[in-house]
Amino acid sequence: MPALPFDSMLFVALSVLIAATLRPWRMLRGPLLQPALAALVLLPLAWAGSAGHAMGMSLQFSGACLLVLLLGWPLATLLMPPVALAAVWLAGWSALQALDALVWLGLLPALGALGVGWLVRHALPRHPFVFLLGRAFFGTLLVLTLCGLARSWSAGGNAALAALDLLIGHWLLAWGEAIITGMLATALMVYRPQWLATFSDRLYLPPRQP
């Protein structure tokens, strides 16, 4: 079996360690237990059942940006390794394939979603549509496009595809998940706002005028 990449293992270890120091499992005592359990059931199926690679581009569903919106970055990060292990059991992946999925489908997009969330909160007006469009839709689109592009480059890319072709391809592939994430975030904001750990009236509603 080929050796596991040290930089990927270090990234996984640091991400999990930093997330664990925040003790996010305390949030499972509230309404976030249901979406967390749903993620543990559905995400392994999505990762294991995806189409893999084609023409140097990943066709796999990530779900990491949505999971960060639901649970916050620390708890989403701690759920990613169990998701990867379950996908190993479902798809018969090797350790190298599991590590690749954990980094590129899970932890790196989750970290990107955290960064986009910080920018949206500090650079844009306070409004629910800013959360939905900035974080849920365009944030997912941007993060998955860049992560997919970086994944292709790290794997050596495809000689038949130029950099611009890869960028356009990953951008188009990311649209599907961005739309799904935006739609689910909209529905949850209306019917189950308690399942969105990253949304609150205090953060995204303008202050009332006296």
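Select Asp 100 to begin: in this predicted model Asp 100 is partly exposed, with a relative accessibility of 28%. Now add Arg 151 to the selection and display both side chains, which meet in a salt bridge with 2.4 Å from N to O. Arg 151 counts as buried, because its relative accessibility is 6%, and the cut-off for buried is under 20%. Since Asp 100 belongs to helix α5 and Arg 151 to helix α6, the pair ties together parts that lie 51 residues apart in sequence. The count of salt bridges under the rule applied here comes to one.

Next, colour the chain by secondary structure and follow the elements from the N terminus. There are eight helices and two strands, and they run in the order α-α-β-β-α-α-α-α-α-α. If you then colour by confidence, the average pLDDT of the chain is 87, and 89% of the residues score at least 70. Strand β1, residues 53–54, has the lowest confidence, with a mean of 46, whereas helix α3, residues 64–71, has the highest, at 97. Where pLDDT is low, the predicted coordinates should not be read in detail.

From helix α3, move into the interior. The largest nonpolar core holds 54 residues, and those with the most contacts inside it are Trp 47, Leu 67, Leu 71, Met 80, Phe 131 and Leu 196. Elements that contribute two or more residues to this core are α1 (6–21), α2 (33–48), α3, α4 (73–91), α5 (95–123), α6 (128–154), α7 (163–191) and α8 (201–204). Of these, α5 provides the largest share, with 12 residues.

Which residues does Leu 71 touch, once residues up to four places away in sequence are set aside? Select Leu 71 and show its surroundings, where you will find Met 27, Leu 32, Pro 35, Ala 36, Ala 76, Leu 79 and Ala 197.

Now go to Phe 199, in the loop between α7 and α8. Is Phe 199 buried or exposed? Phe 199 is buried, because its relative accessible area is 12%, and under 20% counts as buried. Apart from neighbours within four places in sequence, Phe 199 contacts Pro 128, Phe 131, Met 189 and Tyr 204. To follow one of these contacts, draw a distance from Phe 199 to Pro 128: the two are 71 residues apart in sequence, with their C-alpha atoms 8.4 Å apart in space.

Then switch to a surface view and select Val 41, Leu 42, Leu 45, Trp 89 and Leu 90, which form a nonpolar patch with about 580 Å² of accessible area together. Both α2 and α4 supply at least two residues of the patch, and α2 gives the most, with three. Val 41, which lies in helix α2, counts as exposed at 53% relative accessibility.

For a last single residue, select Arg 23, in the loop between α1 and α2. Its backbone deserves a look, since phi of Arg 23 is near 50°, a positive value in a residue other than glycine, and Arg 23 is partly exposed, with a relative accessible area of 44%.

Finally, zoom out to the whole chain. Of its 210 residues, 42% count as buried, and the accessible surface comes to about 11200 Å², with 72% of that belonging to carbon and sulfur atoms. Among contacts between residues at least 6 apart in sequence, 79% join residues at least 24 apart.

How values were computed
Residues numbered from 1 in each chain as written. Predicted model: local features only at pLDDT ≥ 70, side-chain atom pairs only at ≥ 80, totals over all residues. Heavy atoms only, no water. pLDDT = per-residue confidence, 0-100. Helix = DSSP H or I, 4+ residues; strand = E, 2+ residues; numbered from the N terminus. Core = buried A, V, L, I, M, F, W, Y, C linked by side-chain atoms within 4.5 Å. Buried < 20%, exposed > 50% of the residue type's maximum accessible area, 1.4 Å probe, protein only. Contact = heavy atoms within 4.5 Å. Salt bridge = Lys/Arg side-chain N within 4 Å of Asp/Glu carboxyl O. Patch = residues over 30% accessible without salt bridge, like charges linked within 9 Å, V, L, I, M, F, W, Y side chains within 5 Å. Areas by Shrake-Rupley, 256 points an atom, 1.4 Å probe, with all protein chains shown as cover.
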